Amino acid sequence: MEQNPPESDRPDRLEQALHTARALVMADLAAGDVAEAQIVSMVEDAVTHRRWWVEQWPEGAEFVVGLVAQDVQDALLEAYGRWPLCPVCDAGDPHALDVEPELGPHPHWVCTKAAVAVAPVGALSGILRR
């Protein structure tokens, strides 16, 4: 059974989780050559939103990476289109990868059409077609 960290360690742990989420999502955006200023602002908005969320539920800190990735993906879909595009499927309409688990630790980008994990969130460099 995992013990909760002392109250004094909790803010640092939460901030570290948020910084890690920001860095991993930014790495994936850079891998796809889409880390423009407006998109970086979307990442910052997602991190700000999730800061409140994780302050309310500190035990959810290990889920923040996947949630920030999903938030940015949703914001990009509304403003620019699907991201990241699947590098696995060559035939058919282009489609985006999904984050799995939707709420869990160690999130991965997956192609649900081919039922394959493509890369952990933060590790799309070298995998995405440019």
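Trainee: How far is the sulfur of C111 from the closest cysteine sulfur, and which residue holds that one?

Mentor: The closest cysteine sulfur is in C89, 3.5 Å from the sulfur of C111. That is too far for a bond. Keep in mind that this is a predicted model.

Trainee: What would count as a disulfide here?

Mentor: A pair of cysteine sulfur atoms within 2.5 Å. A disulfide is a covalent bond between the sulfur atoms of two cysteines.

Trainee: How many disulfides does the structure hold, then?

Mentor: Zero. C86 is in no disulfide either. Its nearest cysteine sulfur is that of C111, 3.6 Å away.

Trainee: Are C86 and C111 buried or exposed?

Mentor: C86 counts as buried because its relative accessibility is 7%. C111 is at 1%, so C111 counts as buried too. The cut-off for buried is under 20%.

Trainee: Let's zoom out. How many helices and strands are there?

Mentor: Three helices and three strands. Along the sequence the pattern reads α-α-α-β-β-β.

Trainee: What are the overall dimensions of the C-alpha trace?

Mentor: The trace spans about 50 × 35 × 25 Å along its principal axes. The radius of gyration is 15 Å. A compact globule with 130 residues would have one near 14 Å, so the protein's value agrees.

Trainee: What share of the residues counts as buried?

Mentor: 39% of the 130 residues. The accessible surface comes to about 7,500 Å². Carbon and sulfur atoms make up 53% of that surface.

Trainee: And the charges? How many positive and negative ones?

Mentor: There are 9 positive and 21 negative charges. Their mean positions are 4 Å apart.

Trainee: Pick an arginine. Where is R50, and is it buried or exposed?

Mentor: R50 sits in helix α2, which covers residues 37-56. Its relative accessibility is 12%, so R50 counts as buried.

Trainee: Which residues does R50 contact, leaving aside neighbours within four places in sequence?

Mentor: L18, V64, L67, V68 and D71.

Trainee: V64 is on that list. What does A17 touch, not counting residues up to four places away?

Mentor: A17 touches A61 and V64. A17 belongs to helix α1, residues 10-31. At 15% relative accessibility, A17 counts as buried.

Trainee: How far apart are the C-alpha atoms of A17 and G60?

Mentor: They are separated by 9.8 Å. Along the chain, A17 and G60 are 43 residues apart.

Trainee: New topic: the backbone. Which residues does a cis peptide bond join?

Mentor: W83 and P84 are one pair, with omega about -15°. P84 is in the loop between α3 and β1. The bond from E100 to P101 is also cis, with omega near -5°. P101 lies in the loop between β1 and β2.

Trainee: Why point those out?

Mentor: Because most peptide bonds are trans. Likewise, most residues other than glycine have a negative phi.

Trainee: Which residues have a positive phi without being glycine?

Mentor: D33 is one of them, with phi near 55°. H106 is another, at about 55°.

Trainee: Where do D33 and H106 sit?

Mentor: D33 is in the loop between α1 and α2. H106 is in the loop between β1 and β2.

Trainee: How exposed are D33 and H106?

Mentor: D33 is at 48% relative accessibility, so D33 counts as partly exposed. H106 has a relative accessible area of 65%, so H106 is exposed.

Definitions and conventions:
Residues numbered from 1 in each chain as written. Predicted model: local features only at pLDDT ≥ 70, side-chain atom pairs only at ≥ 80, totals over all residues. Heavy atoms only, no water. Helix = DSSP H or I, 4+ residues; strand = E, 2+ residues; numbered from the N terminus. Rg over C-alpha atoms; globule rule 2.2 N^0.38 Å. Buried < 20%, exposed > 50% of the residue type's maximum accessible area, 1.4 Å probe, protein only. Areas by Shrake-Rupley, 256 points an atom, 1.4 Å probe, with all protein chains shown as cover. Lys, Arg positive; Asp, Glu negative; His and termini not counted. Charge placed at Lys NZ, Arg CZ, Asp CG, Glu CD. Contact = heavy atoms within 4.5 Å.
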